[in-house]
Amino acid sequence: MIFTFVVTGWEGVAHDSRTLSEAVADPQASFPFPPPLFFIFTDKYYLCDVTYAHTRGFMAPYRNVRYWLGDYRQRRALTNKEKFNHGHAQLRNVIERAFGVLKARFPILKRMAPFPFFTQRNIAMSCFVLHNFIRREGLSDEHFARYDKPNVSFRNNNVVVDDDEDGIPTHGTAADREYMTQLRDEIAEQLMHNID
């Protein structure tokens, strides 16, 4: 539940995937790409939602397949794609919980005061730094204690996903996207055979 990269100073409103695409494309941002290990199932990648480009280094769930953890409470995963999406959702839940802790601890992030832009950027960065410090040092903390439980679930009801993937900013090559698609399919197949 530690943040590894933060983009601050984006003026106005921008979709998360656009912000990521800009950070990835900017050599001065020093985005920490996961190192590839070139062995199946040992490549490193970030988990991302369907609004991000599914390309080398970024593993998105299957589109138009059940995803949210609550969707699996009524009926367990039946297909390999559902098993993959369920596992993906369980892992991504950690990301949502990290944001839950951050927003609970620093309500100023929900409604920033009308400070100068530079000050707003510094406040946001300071909140992330303090969050990481508390987590890394293992300090006793009521927010982490509450959100550390894996059964805390989140569902973002504000995100509308258009099935038109052309609207998703992409990075990487077509070969990178195909590589990740094959890797995801292989992981899904492996999950279908190994986990019930």
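The expected span of a helix is 1.5 Å times one less than its number of residues. Keep that in mind for helix 6 (residues 174-194) of this predicted model. With 21 residues, helix 6 reaches 30 Å from its first C-alpha to its last, close to the 30 Å expected at 1.5 Å a residue.

**The overall layout**

Let's step back to the whole chain for a moment. There are six helices and two strands, and reading from the N terminus the elements go α-β-β-α-α-α-α-α. The chain has 196 residues, of which 34% are buried. If you take the contacts with a separation of 6 or more, 64% of them are between residues 24 or more positions apart.

**Helix 6, inside and out**

Back to helix 6. Its buried residues are Asp-176, Met-180, Leu-183, Arg-184, Ile-187 and Ala-188. Looking down the axis, you'd find these buried residues within an arc of 135°, so they line one face of the helix. Strand 2 (58-59) and helix 3 are included in what covers them. On the other side of helix 6, Ala-174, Ala-175 and His-193 are exposed.

Ala-174 deserves a second look. Its relative accessible area is 53%, which is over the 50% cut-off, so Ala-174 counts as exposed. Its C-alpha atom is separated by 9.7 Å from that of Arg-56, and the two residues are 118 apart along the chain.

Arg-56 also has an aromatic partner: its charged end sits over the ring of Tyr-179, 3.7 Å from the centre. A second case of this kind involves Arg-184, whose charged end sits over the ring of Tyr-62, 4.2 Å from its centre. Recall that Arg-184 is among the buried residues of helix 6.

**Aromatic pairs and the core**

How many aromatic pairs does a search of the whole structure find? It turns up nine. Take Phe-3 and Phe-99: the ring centres are 4.9 Å apart and the planes are at 70°, so this pair is edge-to-face, the cut-off being over 60 degrees. The pair links distant parts of the chain, with Phe-3 in the segment before helix 1 (16-25) and Phe-99 in helix 3 (residues 80-105), 96 residues apart. Are these two rings' residues buried or exposed? Phe-3 is buried, at 12% relative accessible area, while Phe-99 is partly exposed, at 32%.

Elsewhere, Phe-5, Phe-31, Phe-33, Tyr-46 and Phe-58 form one aromatic cluster.

Phe-3 turns up again in the largest nonpolar core, which has 12 residues in all. The other members are Met-1, Ala-98, Val-101, Leu-102, Phe-106, Ile-123, Cys-127, Phe-128, Ile-134, Phe-144 and Tyr-147. Helix 3, helix 4 (117-137) and helix 5 (142-147) each supply at least two residues of this core, and helix 4 gives the most, with four.

Phe-128 is a handy place to look at the packing here. Leaving out residues up to four places away in sequence, Phe-128 touches Phe-3, Val-6, Phe-99 and Leu-102. Both members of the edge-to-face pair are thus on its contact list.

**A buried threonine and two odd backbones**

Thr-19 is in helix 1. Its relative accessibility is 17%, so Thr-19 counts as buried, the cut-off being under 20%. Again leaving out residues up to four places away in sequence, Thr-19 touches Val-7, Trp-10 and Ala-14.

Now for phi. Most residues other than glycine have a negative phi. Ser-30 and Asn-64 don't follow that: phi is positive at about 55° for Ser-30 and near 60° for Asn-64. Here they are side by side:

| Residue | Phi | Place | Relative accessibility |
|---|---|---|---|
| Ser-30 | about 55° | loop between helix 1 and strand 1 (46-47) | 57% |
| Asn-64 | near 60° | loop between strand 2 and helix 2 (71-74) | 65% |

Ser-30 counts as exposed, and so does Asn-64. Ser-30 sits in the loop between helix 1 and strand 1, whereas Asn-64 is in the loop between strand 2 and helix 2.

How values were computed:
Residues numbered from 1 in each chain as written. Predicted model: local features only at pLDDT ≥ 70, side-chain atom pairs only at ≥ 80, totals over all residues. Heavy atoms only, no water. Phe/Tyr/Trp six-rings, centres within 6.5 Å; stacked < 30°, edge-to-face > 60°. Buried < 20%, exposed > 50% of the residue type's maximum accessible area, 1.4 Å probe, protein only. Lys NZ or Arg CZ within 6 Å of the ring centre and 35° of its normal. Arc of directions from axis to C-beta. Contact = heavy atoms within 4.5 Å. Core = buried A, V, L, I, M, F, W, Y, C linked by side-chain atoms within 4.5 Å.
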